[in-house]
Every structure is written in structure tokens, then in C-alpha cells.
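Colleague: I'm new to this one. Could you take me through a close look at a single part, the salt bridges, and say what sits around them?

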Amino acid sequence: MNISQSIVALGLLGSFCFSVQADEQGSVLDGVSIKRYVPQSGSLPACTHIARHGETEIVTSSDRLFYRTDSQSPLIRSPIDILVDAHSVVFNPVEKLFYATDTGNHRLITFADPASDTWDTFATSLAGIKLQRPHDIVFDDATGWMYALNPNSSEVFRFKGSGGDVAVLDLSKHLGYSRALTIDNGTLYVIGSSHGVVVEVTDFEKQAFQIHTSFGKKKNAVAGSWLTTGLVLNDVDYYQGHWYATSYFCPAYAGNEDCDENKFIRFKTWDDLKTGKWDDLSSLLPSKVVPYFLTPHADGLDIAMFSHEARGQADWIYRLTLATPESADQ
């Protein structure tokens with residue numbers, strides 16, 4: 001996301017006001033409930049992703065990782081202190097290792113325990129291609145494949161941990177800046193951020209894919225607003241019958257336009273994305289704060305959020321849950 005290139009100086013922080021609609025009590029709209037998950041008070045220094053493995057949760061927070069081993073405990077800062085602008089973490093159950101995108105250092109690292117300062121460099125290149133600010137990394141439980149992403153060149157790498165085969169899918173002719181990867185029901189999706197599209201990889205081996213476009217796209221951009229750019233997708237993930245999508249909308253890129261409209265939407269089908277048939281859930285989230293990576297799981301859909309203009313002021317994980325039919329009737 002290259003946030004460091006455009007962060008406003010600390011002296012200007014007072015000019016931004018964060019309207020928090022989704023506070024600790026939460027907000028509800030048409031059966032969708034969103035409330036702050038962590039931290040319950042204060043702010044993380046940054047926040048792009050939360051990973052879960054059993055009872056362990058790891059929040060990726062720029063140059064640091066924060067973790068806890070049960071949901072009732074406060075987050076603890078990991079002693080791993082070599083990261084620069086890291087973006088995401090995933091657990092590989094085959095190797096019993098966590099993988100992290102050490103984005104600013106242009107590499108992937110591994111570690112077994114966030115409570116330890118022990119870590120290893122996994123790769124600075126894959127398939128003979130240098131890693132350049134790798135953003136996202138995911139693990140496919142069904143196949144054991146891992147996938148990582150070079151955002152600027154839209155190169156997707158497929159590998160099976162250390163010593164395994166490595167392949168690359170080059171989408172540079174079809175995508176611009178691309179921030180995220182998603183695995184759903186055994187299918188890999190590449191999130192084309194600047195183009196506002198989602199690439200569904202139907203057969204990685206055969207380099208086969210189809211592109212799902214978004215309604216209302218006005219121009220290619222790494223960030224913006226609904227009225228000026230159309231969707232600038234950070235992540236798209238599936239949860240309980242809907243696809244949910246976040247966009248990089250913020251005051252610095254929106255200019256005089258509304259930076260909250262359509263920054264967090266949901267839709268049922270790819271045709272709905274193409275035709276604009278979606279629900280805008282943005283009012284359930286804090287105003288002027290960017291929703292970034294999504295993490296679906298049995299307990300809800302976690303939404304990592306950060307302030308583009310004022311890092312460390314409004315950087316939280318929110319959790320979305322859906323009302324059951326019984327509770328909705330009460």
C-alpha cells in the first residue's frame with residue numbers, strides 16, 4: 001500500500017477527526033453487526049491483517065507483530081523486530097510454521113512462535129523472480145499450496161514451503177497494482193486493486209483465469225474515492241453467503257469527495273459486482289479510516305483497519321457477525 005510515501009506529518013494529525021460509529025457497543029444494519037474486536041482501548045501502531053491458528057491470533061502492524069494465545073488476553077508485542085512495513089501472516093500446518101510478508105525488506109520470513117525472537121528468511125526471490133514488496137500470502141488447506149503476491153507487477157507465486165516446486169502466474173498484462181489473495185472453496189482469487197477487478201484462477205497449472213470487473217470504475221488508481229475512481233479493492237473475501245470487499249478510500253486521496261461511500265460492500269455474485277448490485281456497509285465502520293485485509297472464520301469476519309493520515313490513531317481490528325433468524329426476530 002506504500003503508506004509511508006504519503007503519511008501526513010505528525011504535526012497535522014489534529015486536522016483529522018475520526019468519527020467512530022462502530023464503537024465497543026457495535027453497530028447493526030439489516031442483520032449485520034460490527035464491533036471493535038482488538039484492541040478494546042487505544043490503538044495499534046498500524047494494522048493491516050489478523051491471522052488465526054487455533055487460539056493464537058497475530059496482528060500484522062507495520063514493523064511489528066502483536067499476538068495473544070486466547071481471546072480474553074491483551075495483545076503482546078512479538079520480540080521479532082526485523083520487519084519493515086509487513087502486511088500479512090499465514091500459518092502452514094504442514095511445516096508448523098508461520099509465514100510473514102516482510103514487505104519493506106522484499107522477502108518472506110518464517111517463524112514457529114511469535115513469542116520467540118527466532119525467525120528465518122524463507123525467500124527473497126521465487127521462480128527466479130525477485131520479491132518486490134510482497135503484500136499477501138495464503139495457504140490452501142485442500143492442496144497444501146501456498147501463494148504469495150508481488151503487488152506492483154501482479155505476479156502470483158505458488159509453492160509448497162521449503163524445498164517444494166515453485167511456479168508463477170504473471171498477470172501484469174491484465175492487472176495493475178494488486179494487494180491481496182483469497183482462497184475460497186479451493187479456488188484462488190487475485191484482487192486487482194487499481195483496476196477494481198477480481199481474477200478467479202480456474203487452473204493455475206494451465207495459467208487459466210477469468211476476470212470479474214466492478215461497476216462504476218472510473219480510472220485506475222492505487223487509492224481514491226467512489227466518486228473519483230470507483231472501487232480500489234484492498235481485499236475481497238467470502239463469508240456466510242456473501243462476498244465482502246474493502247476499498248482504499250481516505251481523505252488524502254478523495255480530495256473533496258466522500259471517502260466513506262462504498263469503502264466496505266457486500267454482494268452475492270460476480271454479476272452483482274459487475275452491475276453494482278451490492279449493499280454498502282460503510283456506515284458500520286469508523287469514518288475516514290481505511291478497511292484493509294479481511295479474515296473470515298467460524299466466529300465472524302475480521303476487518304483490519306488503519307488511518308492513512310494518522311498512523312497509530314485509529315488502527316483496529318473490527319469483527320462482523322450476522323444475526324441468526326431467531327435473534328433477528330427478537
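Modeller: Let's start with the term itself: a salt bridge here is a side-chain nitrogen of Lys or Arg within 4 Å of a carboxyl oxygen of Asp or Glu. Bear in mind that this is a predicted model. One such pair is Arg133 and Asp85, whose side chains meet at 2.7 Å, N to O. Arg133 sits in the loop between strand S12 (129-130) and strand S13 (137-139), while Asp85 sits in the loop between strand S6 (76-77) and strand S7 (89-92), so the bridge ties together parts 48 residues apart in sequence. Are these two buried or exposed? Buried means under 20% relative accessible area; Arg133 has 14%, so Arg133 counts as buried, and Asp85, at 9%, counts as buried too.

That pair has company, as the structure holds nine salt bridges. Another one joins Arg68 and Glu57, again at 2.7 Å, N to O. Here Arg68 belongs to strand S5 (residues 64-68) and Glu57 to strand S4 (residues 56-61), so this pair links parts 11 residues apart in sequence. Both Arg68 and Glu57 are buried.

Then there's Asp260 with Lys263, a salt bridge of 2.9 Å, N to O. Asp260 is buried, with a relative accessible area of 16%, and Lys263 counts as buried at 0%. Finally, back to Arg68 and Glu57: through salt bridges that share partners, they join Arg52 and Asp299 in one network.

Technical notes: Residues are numbered from 1 along each chain as its sequence is written. This is a predicted model: local features need pLDDT of at least 70, side-chain atom pairs count only at pLDDT 80 or more; totals for chains, interfaces and linings use all residues. Side-chain values use heavy atoms; hydrogens and water are left out. Helices (H or I, at least four residues) and strands (E, at least two) are DSSP runs, numbered from the N terminus. Buried means under 20% relative accessible area, exposed over 50%, partly exposed in between (1.4 Å probe, protein chains only).
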